[in-house]
Amino acid sequence: EAKIRKCGCQLFDPGINDTFQRKLELENELRWAISKNQLHVHYQPQVQAGTGQVEGLEALLRWNHPTLGQVPPSEFIPIAEETGIIMDIGRWVLKEVCSQLAQWHSRTLNVPPIAVNLSARQFKAPDLVASFRDIVNRAPCHPGQIVIEITESSSMNDIDSVLPILHEFKAIGFRIAIDDFGKEYSALGYMKKFPIDILKIDKSFVQELTSDTKSAVITKAIIDMAHGMNLRVIAEGVEYDEQLADLRTMNCDIVQGYLIDPPMSPDMLESRYLTGACF
Ligand code: C2E
Ligand code: CA
Ligand code: CA
Ligand code: CA
């Protein structure tokens, strides 16, 4: 096999070698991705479960490399995290989102809040909050227009250092969403400590909603608990009408998923979802 001949040694697993090479290549290329204009932000609508009216957008990073093609975030985000490149990328995404917001606002379009994803690694930067505040101030855009999405896994393992950061974000006016809720830890204790506004139910629950009674029971319980704490609930990964119907019955506030629309370019998003302000 060609793969085995390449490393000249049958004992060495060619699969692992290829994976390693690919990772190295992505890592090298990723360092240039910002300066070479290969990164783009796409936007996915989050709509009211009842009315379909757009309530928010999630900013999702896209990397279009001239020879490697579209590299999925599931492949390059972990590499960006490991290498620390995520620090630059994270700031770049926020800048991009803020200037998009400013541009839409300057044309008097009604724009809902935009959510950006924050990696665990970004919490380690001592200037995280200051740099986010500066980016928003310079854009200029209002912090209330930005939702910061954090995952349970990124925030749970170091509550003592993450909690003050979240309070600083809140003090500035950012809103906070817990992403992928229910996927991993779900230690409910921190739910009362964290200053959160939005809870996003992980797509694994939504995907099993109609086939697994337990998933349905848990989803309903999460929604009721979140409402008891005055949080908005977003169900992500909604792909089928049946899922949407169930989520409506359960009083889920907002839905996001391919059934409504996939992430799309700013132009496409604008033409489908943003309307001019009424005077
Ligand atoms: P996430 O934050 O959980 O984002 C939701 C993912 O689900 C996105 O994948 C989105 O395209 C996908 N999705 C949306 N609707 C559906 C659906 O109906 N069914 C299914 N199966 N999937 C759906 P994407 O864009 O490939 O991003 C993957 C992950 O990469 C994100 O998961 C997030 O953790 C990370 N990511 C993306 N952009 C950024 C970023 O700017 N910064 C950071 N730190 N992470 C990012
Ligand atoms: Ca997210
Ligand atoms: Ca998620
Ligand atoms: Ca995720």
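Helices are DSSP runs (H or I) of at least four residues and strands are DSSP runs (E) of at least two, both numbered from the N terminus. The model shown in these views is predicted.

**Figure 1. Surroundings of ligand 1.** The space that ligand 1 takes up is the largest pocket. Five elements each give two or more residues to the shell around ligand 1: the strands β2 (54-65) and β6 (175-181), and the helices α3 (73-83), α4 (86-106) and α9 (203-208). Strand β2 provides the largest share, four residues. In total, 22 residues surround ligand 1, and the closest of these are Arg62, Ser119, Lys203, Glu239 and Tyr258. Sorted by class, the shell holds nine nonpolar residues, seven charged residues and six polar residues.

**Figure 2. Polar contacts to ligand 1.** Three side chains are shown with their distances to ligand 1. In glutamate 239, a polar side-chain atom is 2.5 Å from a nitrogen atom of ligand 1. A side-chain N or O atom of glutamine 44 lies 3.0 Å from a nitrogen atom of the ligand. For aspartate 179, a side-chain N or O atom lies 3.0 Å from an oxygen atom of ligand 1. Ligand 1 on its own exposes 800 Å², and the protein buries 83% of that area.

**Figure 3. The calcium ion (ligand 2).** Which residues coordinate this ion? The donors are Glu58 (OE), Asn117 (OD1), Glu149 (OE) and Asp179 (OD), at 2.1 to 2.3 Å from the calcium ion. Along the chain, the donor residues follow the spacing E-x58-N-x31-E-x29-D. Because glutamate 58 belongs to strand β2 and aspartate 179 to strand β6, the pair ties together parts of the protein that are 121 residues apart in sequence.

**Figure 4. The calcium ion (ligand 3) and the bridging aspartate.** Here the donors are Asp179 (OD), Asp180 (OD) and Glu236, with Glu236 (OE) listed twice. These donors lie at 2.2 to 2.6 Å from the calcium ion. The spacing of the donor residues in sequence is D-D-x55-E. Where does the bridge between the ions (ligand 2 and ligand 3) lie? Aspartate 179 coordinates both calcium ions, which are 4.0 Å apart. The side chain of aspartate 179 also has an N or O atom 3.0 Å from an oxygen atom of ligand 1.

**Figure 5. A cis peptide bond before proline 140.** The bond that runs from alanine 139 to proline 140 is cis. Its omega angle is near -15°. Proline 140 sits in the loop that connects α5 (128-138) with β5 (146-151).

**Figure 6. Backbone of asparagine 37.** Which sign does phi of asparagine 37 have, positive or negative? The value is positive, near 60°, in a residue other than glycine. Asparagine 37 is part of the loop between α2 (14-33) and β1 (39-48).

Note on methods: Residues are numbered from 1 along each chain as its sequence is written. Chains are lettered from A and ligands numbered from 1 in the order in which they are written. This is a predicted model: local features need pLDDT of at least 70, side-chain atom pairs count only at pLDDT 80 or more; totals for chains, interfaces and linings use all residues. Side-chain values use heavy atoms; hydrogens and water are left out. A residue is near a molecule or strand if one of its heavy atoms lies within 4 Å of it. A polar contact is a pair of N or O atoms within 3.5 Å; within protein, one must be able to donate a hydrogen and the other to accept it, and residues adjacent in sequence count only if both atoms are side-chain atoms. Accessible areas come from the Shrake-Rupley method with a 1.4 Å probe; for residues, only the protein chains shown count as cover. On a 1 Å grid over the protein atoms alone, a cavity is a set of points where a 1.4 Å probe fits but cannot get out, and a pocket is an open set with protein on both sides within 12 Å along at least five of seven lines; lining residues have an atom within 4 Å of a point. A molecule sits in a cavity or pocket if more than half of its atoms lie within 2 Å of its grid points. Ala, Val, Leu, Ile, Met, Phe, Trp, Tyr, Cys and Pro count as nonpolar, Asp, Glu, Lys and Arg as charged, and the others, Gly among them, as polar. Donors are N, O and S atoms within 2.8 Å of the metal (3.2 Å for Na, K and Ca); water is not among the atoms, so sites may look incomplete.
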